[in-house]
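Good morning, colleagues. Please take a moment with the sequence and the structure before I begin.

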Amino acid sequence: MKHIRNWNEYLVLIYRLGLVMILFSICRVAFYFFNSNLFENLSLQTFSMILYGGIRFDLSAILYINALYILLFLIPFRIKFRRGYRVGLKWLFIITNAVGLAANVSDFIYYRFTLKRTTASVFKIFSHEDNMVSLWGRFVIDYWYATLFWLILILVMVLGYSRFKSKPQGINPWWKYTIIGTIVLAVAGGLTIGGMRGGFRHSTRPINISNAAQYVDRPEQIPIVLNTPFAILRTLGKSVFQPVEYFPTDKLDEIYSPVYVPSRSASFGSGDKEKKYPNVVLIILESFGREHIGALNDTLEGGKYKGYTPFLDSLIAQSWAFNHAYANGRKSIDALPSIVASVPSLVQPYIVSEYANNRINGMAFLLKKIGYETAFYHGAPNGSMGFKAFTKMAGFDYYRGKNEYNNDDDFDGIWGIWDEPFFQYFAKDMGQLKEPFFTTIFSVSSHHPFKVPEKYEGYFPEGPLPLHRCMGYTDMALKRFFETASKAEWFRNTLFIITADHCTIPFHEEYKTPAESFAIPILFYKPGEIEPRMDTALAQQVDILPTVMSYINYPYPFIAFGNDLLSSGQKDRFVMNYFNESYQFLYDKYALYFDGKEVTGIYDLIQDPLQKKNLKGQIEIANAEKLMKAYIQQYITRMINDHLAFKEE
């Protein structure tokens, strides 16, 4: 076969780019198989269409990645045939494409936690982490099989690259070759630009993430069509929000308005409503998906499911709890603005968006106006995930992190201080605050690599997921926190809210749907005052702020993109989040999917909980669609115009 190793240089270029195309397609198939339990409604016909459609996105990404290589390969000068030049080109090709393949392979795993292809926002999300080396080290070790897959791809690419070598064209003299080569370079440049854009027509808009929807039946299948380098490149430096006008501006507030002047039309229970403002303690539990909490799943596994949080189960029995509560995002960085400022992270995490410095009605800011002292607690290294900067914007007086805890003996080695000691620190430190106070704690231990302190090895039930024993540990930490807090003088006059930042990898079929992939707990507990009950209507993270404001009879107007759960009728509640380039809107018993232009799916969550039958065109959902569009228009308009906080006239 030695006689075919020297090829026409242009054929060699096409061969090498084609090799990378094949490797990207292999990554697409592998991405599906690594996460096949999350794509259970995928037919062979749809999968074939996905593979076909994916070629457009792979070609675009590969041309972007290899643009410099193509230029240097095609320059019409004889220097390119020198050995040193060829070696340099080879390493440029291998390194750039190895990075692209690494991005694809990393999403084999990361997708399970975010349910979307990684975008450029990942650089901002992790820019605040000072332990990236250890995080990536753990990732490479714990998911060694993905790392091995990537190394095999690199080996195939390296061996394939050298299989054929380019030879000079037999065109003499060299000036003629230069002229012909310049023409070829110009043509190749045009073809490259067309491939990057996804088409050659002047009217063709550059291919974007949203174009993947045309190759799928359901929104959750979009990530299979895409590749991660494309998703990153297409979102670099881009504003994710463009103005929309579904309704005339002067009519918008009549349909939906986020402006609140709270009133006490409902209450938690009996008691003296004229007493002083209560303390408010907000507890955000890392990765505590509703699926894993027994008290919120009384019908799961035929009613025999126990879950992994015995203490939280006992607290739910004493609380106003919700068994249809949802997060507004899929990441920790999505959760904090949703929970403490009632600003959902739609499309992009608010904290890393270009609007992150907008004025907001953070709960701490609002409560300070009526005399509250406020503090935020997070056992991670100070500034992790941008939380320290955000809590300042949200109005917190104090930030208590790993630095303030000041005892690295309790450091887990990766994420922060173990939950048990940090929750004890939280309980005791609150006693130094002036009442009424508002505090928030964000736990860290129920997180990859799913470890517990050495002294608790084998102590908690393992369960089918490695997360389960970590949930057992954090549940125990929560129990001991309440044991300590219950002895404090401030305890009886304190409203506790417990929720989660997001859910994680599902185990039961009932939780492998687009809607339930956001399922979390929300509960309100106040000793001796709240009437225990299970609320079966919808609730979401952004509802927490307006509900707290309503409970304390807050006297001033504010902006919130959620429902006051005390005042709103159960039929009026809704949930909004963003799922694979579509808005997901839960209203009454339906889940609607909207790509910004049209409704692409409607599912009856009562009759069809696994979301297998798309009812688009079969039922009337005009009211829900109208409310959803008004919500989106208010959100985007206020985000762009810096109107997320109420401004006094």
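How many bridges join strand S9 to S10, and in which sense do the two strands run? The answer is 4 bridges, and the strands run antiparallel. I should say at once that this is a predicted model.

Let me stay with S10. Strand S9 covers residues 494–500, and one point of contact can be named: Ile 498 has Leu 523 of S10 as its bridge partner. Strand S5, residues 320–326, also pairs with S10 in the antiparallel sense, here over 5 bridges. In that pairing, Tyr 326 has Ala 519 of S10 as its bridge partner.

Is S10 enclosed or open? Of the 7 residues in this strand, which spans 519–525, 7 are buried, so S10 is largely enclosed by the rest of the structure. Both of its faces are covered. On one side we find the buried residues Ala 519, Pro 521, Leu 523 and Tyr 525, and on the other Ile 520, Ile 522 and Phe 524.

Phe 524 leads us to the interior. The largest nonpolar core comprises 202 residues, and those with the most contacts inside it are Ile 283, Phe 481, Phe 482, Phe 524 and Met 549. Helix H1, residues 9–34, gives the most to this core, with 11 residues. Leaving aside residues up to four places away in sequence, Ile 283 touches Phe 423, Ile 441, Leu 478, Phe 481, Phe 482, Ile 497, Ile 498 and Thr 499. Apart from this core lies another, of 5 residues, including Leu 135, Ala 380, Ile 414 and Val 444.

A covered helix also deserves mention. Helix H13, residues 332–341, is mostly covered, with 10 of its 10 residues buried. Among them are Asp 334, Ser 332 and Ser 338, alongside nonpolar residues such as Ile 333 and Leu 336. Just after H13, Ser 342 takes a positive phi of about 55°.

I turn now to charged pairs. The count of salt bridges comes to 15, and I shall present three.

In the first, the side chains of Arg 290 and Glu 516 meet at 3.2 Å, N to O. This pair links distant parts of the chain, 226 residues apart: Arg 290 is in the loop between strand S4 and helix H12, and Glu 516 is in the loop between S9 and S10. Why do both count as buried? The cut-off for buried is under 20% relative accessible area. Arg 290 has 3% relative accessibility and therefore counts as buried; Glu 516 has 14%, so it counts as buried too.

The second salt bridge joins Asp 397 and Lys 368, whose closest N and O atoms are 3.2 Å apart. Asp 397 lies in the loop between helix H15 and strand S7, and Lys 368 in helix H14, so the pair ties together parts 29 residues apart in sequence. Both partners are partly exposed, Asp 397 at 33% and Lys 368 at 35%.

The third is formed by Arg 400 and Asp 429, with the closest N and O atoms 3.2 Å apart. Arg 400 lies in strand S7 and Asp 429 in helix H17, so this pair ties together parts that are 29 residues apart in sequence. Here both Arg 400 and Asp 429 are buried.

Finally, the surface. Tyr 64, Phe 123, Leu 233 and Leu 236 form a nonpolar patch there, with about 360 Å² of accessible area together. Within it, Tyr 64 belongs to helix H2, residues 44–65, and is partly exposed, with a relative accessible area of 33%.

Note on methods:
Residues numbered from 1 in each chain as written. Predicted model: local features only at pLDDT ≥ 70, side-chain atom pairs only at ≥ 80, totals over all residues. Heavy atoms only, no water. Patch = residues over 30% accessible without salt bridge, like charges linked within 9 Å, V, L, I, M, F, W, Y side chains within 5 Å. Areas by Shrake-Rupley, 256 points an atom, 1.4 Å probe, with all protein chains shown as cover. Salt bridge = Lys/Arg side-chain N within 4 Å of Asp/Glu carboxyl O. Buried < 20%, exposed > 50% of the residue type's maximum accessible area, 1.4 Å probe, protein only. Pairing = 2+ DSSP bridges. Core = buried A, V, L, I, M, F, W, Y, C linked by side-chain atoms within 4.5 Å. Contact = heavy atoms within 4.5 Å.
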